[in-house]
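Biologist: Got a minute to go through this structure with me? I'd like to ask about a few residues.

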Amino acid sequence: MKRISMRSLLVGIDPGSLYTRVVVADAQQEISEPSLAAVTTQGEVVAVGTEAAIRLRAEPRGLVAVRPFAGGVVAQQAAAQLLLQSILDKVQRGAVTRPTVCLAVPSLASQVAARAWLQTTRKAGVLETLLVDRGAATAIGTGWDPSRAEAVVAADCGAGFTLTALSGGGYLANDYLPAGGRALSAALRAYLREIYGVMVEPATIQTLVREVAVCVPSVGETQQECTGRLLADGTLTEFTVTSTELLPLVREVTNVWLQRFRRLVRGLSAQAQADLLENGVRLTGGSALLKGFDLALSETIGIPVQVAKEPFGTVARGSMLALNRRAEWPYLLVGGNVGRNE
């Protein structure tokens, strides 16, 4: 007989711009779904997540791809609600009570943005919603105890960057850069249009970021054969892109990231900066995997930099742990009963 649980599931959620990742406490369960919705031209959401990706590939006519989350906020509430509801239905299993969730969002989000997160999860059918800063979730997900007296800096480097300094049970500093990895992808797309006169698929941009783009030449030279459509007549063409040719462009974009890290670290007290020499900076997210970015960052701020072993699941795991230990770390969370259904 299937066992029915009366306990509310504790669920950590990382609502990223490209993927939504979920970790369930005590269940060793992790789910990742595209942050995507297929919407008709009349505005009706017909599919979300993986199903939306399939529908948009198989029958794109009359459908528009919509990203429910963007820039750390709820961009399309109906799509966001249905996506979260679909994911939570998958993790509910034998539970009969609604789940309690903790969402990782930028702490610098406005009260309006925070209210939108709480309302969206409430409509998705949760028992209670709490919000945690994405940087704090990064630190916790990499094993850091936020109640420690020493300072640590953690950053989630995705489409946007969330930088957070923690010490002794509270926040020392926060920063949020909406155009993080998204800025590099846009710069690469513009470069290919200008230099090669082509338009390429998003997958090609992702490959260039992952395999070819470098922040420092010392990590080695690579190249990639690419296919795109000529802007002039739409015909397919092949071309080769190298790390060396992309280096100036990558440096221009990543220099903005590096300066934001430098500004945050320099704004800390001398004692906090001394702590960082031992504890370092902890990075997670896809942009943290950009070749040589950790080296460039360490050189810029003079502090050791560590990339999470599992950069794509760390934030969701940290959110779940923050929720699971909310009695110990209440100062990191906001929301609580505001997220209850009324």
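Biologist: Which residues does T300 touch, not counting those up to four places away in sequence?

Modeller: Bear in mind that this is a predicted model. T300 sits in helix α9, which covers residues 293-301. Leaving out residues up to four places away in sequence, the ones T300 touches are L258 and R262.

Biologist: Which backbone oxygen does the side chain of T300 reach?

Modeller: The distance here is 2.8 Å, and a polar contact needs the N or O atoms to be within 3.5 Å. The backbone oxygen that the T300 side chain reaches is that of A296.

Biologist: And is T300 buried or exposed?

Modeller: Buried means under 20% relative accessible area. T300 has 18% relative accessibility, so it counts as buried.

Biologist: On to the cysteines: how many disulfides are there?

Modeller: A pair of cysteine sulfur atoms has to be within 2.5 Å to count. For C157, the nearest cysteine sulfur is that of C215, 11 Å away. For C226, the nearest is also that of C215, at 18 Å. The count of disulfides comes to zero.

Biologist: Is C157 buried or exposed?

Modeller: The cut-off for buried is under 20%. C157 has 0% relative accessibility, so C157 counts as buried.

Biologist: Where does V126 lie, and how far apart in space are V126 and R251?

Modeller: V126 is in the loop between α3 (111-123) and β10 (128-133). In sequence, V126 and R251 are 125 residues apart. In space, C-alpha to C-alpha, V126 and R251 are apart by 43 Å.

Note on methods:
Residues numbered from 1 in each chain as written. Predicted model: local features only at pLDDT ≥ 70, side-chain atom pairs only at ≥ 80, totals over all residues. Heavy atoms only, no water. Helix = DSSP H or I, 4+ residues; strand = E, 2+ residues; numbered from the N terminus. Buried < 20%, exposed > 50% of the residue type's maximum accessible area, 1.4 Å probe, protein only. Polar contact = N/O pair within 3.5 Å; in protein donor to acceptor, adjacent residues only side chain to side chain. Contact = heavy atoms within 4.5 Å.
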